[in-house]
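The following exercises are to be worked with the sequence and the coordinates at hand. Each task is followed by a solution in steps.

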Amino acid sequence: MVLVDFTNPQMPQYLGCYDTVGSGAIVTSVTGCDSFAYISWPRPRLISIDISDPRHPVRAGGCENMFNPPEDMVLRDSFVYCAEANRFQVVNVARPRDPRLVGSCVVEEDAEGLCLVDSIAYVANYPFAIINVRQPSNPFIISRIWRGAWNGTVRDSFLFLSSGGVLVYSVADLRQPHLIDSLSVGPNTYWVEAVGSLLYTGNRDGVRVIDASDVHDMRVLGFCSAPYVVKRLAYVSPYLYAVCWDAGVCIFESTPIGVSELQSPQTAKGKLMVIPNPTRGRVRLAPRSNNWGLSQVIVRDALGREVAQIKCQRDSGECLKLNLNDLKRGLYFVEFVSEKQRAAVIVKIIKQ
């Protein structure tokens, strides 16, 4: 475990390390605050390190009864939340020299990344697990996503997974997460980090910046190469820290990017603008022109099956009003057929 001073990100300074040579330990994760750090270890599975003197860190204690060494950890208050193979575990570190396992639940197969939002942990096992940690002594799985991923990050009601590319799931209902869109972003995506309306991805060939202000129209805005595979990312404004396999840490300075957001419904590139999307039932749509002349509206599910034919009403302006209250939650393709054109216009709508 290496301690580095990033007070000046342009000139990071090596301070000290806790030497694992000869112990057989491969430190796969670390977290910490103030005078103590916590790292994965062969036996015991987690140890605490006194870093009050960062140039001479020393072992302070360990947690003996954990199942496997953590692959990722998050420290919040006096608890360390641990993602590990076959288990999700919670360790009380109120007394750093005597950490105690207080809660555990069974997950499946190998673990990778861990994201903690409020009282919910998003754990990248296979399958991906969404876990309630409101009571640290009794964590339990709310739902699973049957897909492998390196990590997940949450923004609003969306969960972004690094799984080959970037997958977007709606977690408005934590009991029923469902896939709503995806984006391919080049060679293997190992990590994704959400920062406002942007996503940063760590890939085999470097770091990408993605505009995710509209999860149905994500696009890559920029790219920067890295000396080796980018394993993990952490953003501390205005810097992005990228951990690279066998190449240490790269520090990128983010450049502000303005993302234009439409303030009123209007068409773009001949398509229909849907507001709001996702929706809980009622939406407004801006057609190509006032005399677009709708003949029918057909709603299909994600498998292409017709589930409804719905009548549209025009409001006092140019917009059409559509009522989806009778549909279940999920992804739908709404097909608008014009009397004046043989080709239909199809839009994706998420019903929450």
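**Exercise 1.** Is Tyr241 buried or exposed?

*Solution.* The model is a predicted one. Tyr241 has a relative accessible area of 15%. The cut-off for a buried residue is under 20%, so Tyr241 is buried.

**Exercise 2.** Determine how strand 24 is placed between its neighbours in sequence, and state how far it is enclosed.

*Solution.*
1. Strand 24 covers residues 239–244. Strand 23 (residues 230–236) runs antiparallel to strand 24, and 6 bridges join the two.
2. The connection between strand 23 and strand 24 is a hairpin of 2 residues. Val236 has Tyr239 of strand 24 as its bridge partner.
3. Strand 24 also pairs with strand 25 (residues 248–253), in the antiparallel sense and over 6 bridges. Here Tyr241 has Ile251 of strand 25 as its bridge partner.
4. The hairpin of strand 24 and strand 25 has 3 residues between the strands, and Asp246 takes a positive phi near 60° in this hairpin.
5. Of the 6 residues of strand 24, 5 are buried; the strand is therefore largely enclosed by the rest of the structure.

**Exercise 3.** Which residue forms an edge-to-face aromatic pair with Tyr241, and where in the chain does this partner lie?

*Solution.*
1. The whole structure contains 6 aromatic pairs. One of them consists of Phe6 and Tyr241, with 5.3 Å centre to centre and 70° between the planes. Planes over 60 degrees apart count as edge-to-face, so this pair is edge-to-face.
2. Phe6 lies in the loop between strand 1 (2–5) and strand 2 (13–17), whereas Tyr241 belongs to strand 24; the pair links distant parts of the chain, 235 residues apart.
3. Phe6 is partly exposed, at a relative accessible area of 28%, while Tyr241 is buried.

**Exercise 4.** Describe the aromatic cluster that contains Trp150.

*Solution.*
1. Trp150 and Tyr190 form an edge-to-face pair, with 4.7 Å centre to centre and 70° between the planes.
2. This pair, too, links distant parts of the chain: Trp150 is in the loop between strand 14 (140–145) and strand 15 (151–155), and Tyr190 is in strand 19 (residues 189–195), 40 residues apart.
3. Trp150 is partly exposed, with a relative accessible area of 27%; Tyr190 is buried, with 4%.
4. Trp245 completes the cluster of Trp150, Tyr190 and Trp245.

Terms used. Residues numbered from 1 in each chain as written. Predicted model: local features only at pLDDT ≥ 70, side-chain atom pairs only at ≥ 80, totals over all residues. Heavy atoms only, no water. Buried < 20%, exposed > 50% of the residue type's maximum accessible area, 1.4 Å probe, protein only. Helix = DSSP H or I, 4+ residues; strand = E, 2+ residues; numbered from the N terminus. Pairing = 2+ DSSP bridges. Phe/Tyr/Trp six-rings, centres within 6.5 Å; stacked < 30°, edge-to-face > 60°.
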